[in-house]
Amino acid sequence: MATPRLTLREITERLGGEVVGEADAPLSGIASLDDAGPGQLTFLASPKFRSRLAGTRAAAVIVGPKDRDATTLPRIVAANPYAYYARAVALFHPAKPVVAGIHPAAAVDPAARVAASACVGPFAVVEAGATVGERATIGAGSFVGEGASIGDDTFLHPRVTVYHGCVVGARGILHAGAVIGADGFGMAPDAGAWVKIPQVGRAVLGDDVEVGANTTIDRGALGDTVVEDGVKLDNQIQIAHNCRVGAHTVIAGCAGIAGSTTIGRHCLIGGGVGIIGHLSVCDGVTVSGMTLVTKSITEPGTYTSGTPFMAHADWLRNAAHLRHLDRIAREARAASRQGKDHGTDDD
């Protein structure tokens, strides 16, 4: 599909913002400050990159109100240049229209309900009682289980699995290898062996949820695992059974959320974070990458754990001291008590 040519005037007519300077020169695309060439649009999303503005070869730039006069280039002034850039990219690279129909190599049960405007790709499977909404796409080799529901305008990339009874809302994006509704890890100990606990809940995803490649969201043991509207999940994340992820929370790659954990709304969870089970994280929390969360978080803010990166030799020395921290603390407490017994503490 050829990239459309757009003017600043046409862009602001669709996205809003103020044009300063030439508004009708056609632009061929959008690129970063360093990479943009003649005829392209660029953006200044952070003041720390302002020095690069003078050297850009771009024909026009998206800036915030504080940088309105930082350049003589034609420009769009927008309240949030980074979000504006994201929407502008979508104008230059529009999504391919859904080609309605069921591929001859797909297997769709007669008892499934597939909207006439939906697309079901080759070797996809849609089982009995499943529902596929208007303009939804079921990619090649994907699986929609019995009684599952896929919302309007949702896109399943190739080889996505949505287990029986699970729900994916409208306008979702599920990337390749995502698995929605596999059994949660529920086992009961019995005489040295393990008895599998049937996982009879569902996984329920709200509207506008994006799920990264090879990310897994387990179904609930009894109730549902719930991912609320607008949540964005990166690749290779594990969300265990009976978790709830609040609306518009973002979780980066390789995070692991143990069972029955509740994460609030508008949280930012960094890559590699681990959250143990049966905890709650309140709204508006940021957790730094590689942090291990071992107790509930009740106040908004940023939380960090883990050992900072350092040279290996320095780490070895610090680790040697770490082994003795408990002994040192006990000796310090004993010395403090002894000092008080002898009346040598400061008044």
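This is a short dialogue on reading the cores, a surface patch and a sheet in a predicted model.

Me: Which residues touch the most other members of the largest nonpolar core?

Reply: In soluble globular proteins, nonpolar side chains tend to be buried together. Here the largest nonpolar core holds 49 residues, and Val-162, Ile-180, Val-211 and Ile-217 touch the most other members; strands β22 (203–205) and β35 (285–287) each supply at least two residues of this core. A second, separate core has 15 residues, among them Leu-8, Ile-30, Leu-91 and Phe-92.

Me: What is Ile-217 in contact with, leaving aside its neighbours within four places in sequence?

Reply: Its contacts, with those neighbours left aside, include Val-179, Ile-180, Gly-181, Ala-203, Leu-205, Val-211, Thr-225 and Ile-239.

Me: Which residues form a nonpolar patch on the surface?

Reply: Phe-185, Met-187 and Trp-194 form that patch, and together they have about 420 Å² of accessible area. Met-187 belongs to strand β20 (residues 187–190), and Met-187 counts as partly exposed because its relative accessible area is 33%, which lies between the 20% limit for buried and the 50% limit for exposed.

Me: How many strands are in the open sheet, and which are the edge strands?

Reply: Strands of a sheet pair through backbone hydrogen bonds, either parallel or antiparallel. In this model an open sheet of 10 strands, with parallel pairing, follows the order β7-β10-β13-β16-β19-β24-β27-β30-β33-β36, and its edge strands are β7 (107–108) and β36 (292–293), each of which pairs on one side only. Strand β7 runs parallel to β10 (residues 125–126) and is joined to β10 by 2 bridges, with Ala-107 standing opposite Val-125 in β10.

Technical notes. Residues are numbered from 1 along each chain as its sequence is written. This is a predicted model: local features need pLDDT of at least 70, side-chain atom pairs count only at pLDDT 80 or more; totals for chains, interfaces and linings use all residues. Side-chain values use heavy atoms; hydrogens and water are left out. A nonpolar core is a set of buried Ala, Val, Leu, Ile, Met, Phe, Trp, Tyr and Cys residues joined through side-chain atoms within 4.5 Å. Buried means under 20% relative accessible area, exposed over 50%, partly exposed in between (1.4 Å probe, protein chains only). Helices (H or I, at least four residues) and strands (E, at least two) are DSSP runs, numbered from the N terminus. Contact means heavy atoms within 4.5 Å. Patches are made of residues with over 30% relative accessible area and no salt bridge: like charges are joined within 9 Å, nonpolar side chains (Val, Leu, Ile, Met, Phe, Trp, Tyr) within 5 Å. Accessible areas come from the Shrake-Rupley method with a 1.4 Å probe; for residues, only the protein chains shown count as cover. A salt bridge is a side-chain nitrogen of Lys or Arg within 4 Å of a carboxyl oxygen of Asp or Glu. Two strands pair if DSSP finds at least two bridges between them.
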